[in-house]
Amino acid sequence: MTTVGILGGGQLARMLALSGAPLGLRFLVMDNVADACAGQFAPMVVGDYRDQAALAEFASRVDVATFDFENVPAESAQWLAARVDVFPNPRALAIAQDRLAEKTHFRDLGIPVPPVATVDTLDGLRAAVDAIGTPCILKTRRLGYDGKGQFRIREAADVDAAWAALGAQAPKVGLILEGFVAFERELSVVAVRGRDGEFRAWPLTENWHVDGVLSASLAPARVEPELEARAVAHARRLADALDYVGVFALELFCRDGDLLANELAPRVHNSGHWTIEGSETSQFQNHLRAVIGLPLGDTRMVGRACMLNWIGEMPDARAVLKEAGGHWHDYGKEPRAGRKVGHATLRADDDRTLAEALLRVGAALGREAQVAPVVERLSEA
Ligand code: AMP
């Protein structure tokens with residue numbers, strides 16, 4: 001009997017635990033809050049990720065450890081890795097935690113990135129804005145996610161406001177300035193690498209964000225095979241270079257046929273939730289197979305799929321459950337503004353059927369704006 005330990009007890013841990021049940025796996029989840037939603041399906045150790053006593057208890061009760069949350073302190077991951085197998089390895093985690101290290105690593109591997117500069121002071125920010133040009137985005141180097149810790153600089157006059165918003169973070173988590181990419185599409189490669197180096201990617205996914213938070217994902221993305229092959233090659237090079245084990249997502253901006261890497265998520269990813277019903281093997285199942293050293297499952301799609309995120313509160317499930325290809329995921333969380341509380345996946349055999357289902361669901365839930373860009377993409381010739 002194998003017990004998989006998961007650091008972080010949110011919906012990703014919850015879906016990992018659910019998908020691990022058929023493999024006969026047991027789970028232990030560690031989180032700093034007692035009502036973490038994965039705790040509804042797995043026993044928990046409640047404690048801070050820096051609390052060595054809690055980490056020691058966690059380590060003593062698991063055979064292998066992994067993450068639902070990438071901002072676990074790198075020292076805690078290393079401490080744990082000295083006692084139990086930890087996948088992905090702490091180095092991959094550390095790189096993904098630092099937007100500058102991440103971008104530097106991408107560049108070193110020949111993966112194009114948007115222009116980027118470090119910023120330590122207000123004068124430094126002015127110089128960086130001059131060098132990179134506007135529009136651009138000031139971001140915290142660490143601890144940013146879902147558009148948090150970001151400030152968009154539309155013109156040079158916004159520099160003071162940007163510094164007022166994030167300047168205090170400079171000594172704590174560092175700041176970087178990035179050129180704003182006027183992308184046509186946001187894409188992600190969700191892929192998995194096994195302990196033996198075997199690599200598989202799911203079909204490319206197109207993503208739409210609202211206020212920096214994922215709103216909808218469509219798979220397969222409607223892109224040329226050459227572009228998809230390039231995106232997957234980037235992901236593979238990254239995973240091999242980091243000796244990565246498990247699932248990860250590489251987020252890319254696509255502009256004029258170029259792919260620019262935005263970020264590496266060192267874990268199962270929101271843009272891969274559609275794989276639960278839309279592919280032969282889900283990202284959650286394959287992540288577990290990778291970390292415990294089982295053969296990886298096939299990542300081919302079954303039809304096409306669109307995932308809609310529910311942010312803040314759950315809508316009425318019925319509109320989705322009535323659909324032939326409708327699937328509902330309620331994370332069992334309390335509603336709260338901006339919080340990811342659930343998602344739905346609609347699956348169909350062809351684009352037209354999927355677009356029609358999306359239009360019905362959008363109209364029934366008053367979410368026309370959320371489904372509109374996906375329907376538009378599906379309707380393109
Ligand atoms: P991030 O937390 O870096 O993934 O950013 C969240 C979202 O903000 C991305 O998915 C994009 O929609 C947008 N964004 C972040 N960085 C850039 C950029 N350099 N250019 C354009 N949009 C960006």
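Start at the ligand: select the shell of 19 residues around it, and pick out K139, E178, V181, E186 and E263, which come nearest. Keep in mind as you go that this is a predicted model.

**Stop 1: polar partners of the ligand**

Show the side chains of R99, Q150 and E178 as sticks. At R99, a side-chain N or O atom sits 2.9 Å from an oxygen atom of the ligand. Move on to Q150, where the distance from a side-chain N or O atom to a ligand oxygen is 3.0 Å. Then turn to E178, one of the nearest residues you have just selected. Here the ligand uses a nitrogen atom, which is 2.9 Å from an N or O atom of the E178 side chain.

Now switch on a surface. How much of the ligand's own accessible area does the protein cover? On its own the ligand has 470 Å² of accessible area, and the protein covers 97% of that.

**Stop 2: what the shell is built from**

Go to cartoon view and colour the strands β7 (136-140), β8 (150-153), β9 (175-179), β14 (246-255) and β15 (258-265); these are the elements that give two or more residues to the shell. Next, colour the shell by residue class: you should find eight charged, six polar and five nonpolar residues.

**Stop 3: the domains**

Zoom out and give each domain its own colour: domain 1 covers 3-86, domain 2 covers 115-179 and domain 3 covers 185-379. Which domains each give at least three residues to the shell around the ligand? They are domain 2 and domain 3. If you place a marker at the C-alpha centre of each of these two domains, the markers will be 29 Å apart.

**Stop 4: Q285**

For the last stop, select helix α11 (residues 283-292) and find Q285 within it. Is Q285 buried or exposed? Q285 counts as buried because its relative accessibility is 13%, below the 20% cut-off for that label.

Display S19 and L23 as well: Q285 is in contact with both, once its neighbours within four places in sequence are set aside. With S19, look for the backbone oxygen, which lies 3.1 Å from a polar atom of the Q285 side chain. Finally, add P22 and draw a C-alpha to C-alpha distance to Q285: the two residues are 263 residues apart in sequence, yet 9.4 Å apart in space.

Note on methods
Residues are numbered from 1 along each chain as its sequence is written. This is a predicted model: local features need pLDDT of at least 70, side-chain atom pairs count only at pLDDT 80 or more; totals for chains, interfaces and linings use all residues. Side-chain values use heavy atoms; hydrogens and water are left out. A residue is near a molecule or strand if one of its heavy atoms lies within 4 Å of it. A polar contact is a pair of N or O atoms within 3.5 Å; within protein, one must be able to donate a hydrogen and the other to accept it, and residues adjacent in sequence count only if both atoms are side-chain atoms. Accessible areas come from the Shrake-Rupley method with a 1.4 Å probe; for residues, only the protein chains shown count as cover. Helices (H or I, at least four residues) and strands (E, at least two) are DSSP runs, numbered from the N terminus. Ala, Val, Leu, Ile, Met, Phe, Trp, Tyr, Cys and Pro count as nonpolar, Asp, Glu, Lys and Arg as charged, and the others, Gly among them, as polar. Domain bounds come from an automatic or database domain assignment. Buried means under 20% relative accessible area, exposed over 50%, partly exposed in between (1.4 Å probe, protein chains only). Contact means heavy atoms within 4.5 Å.
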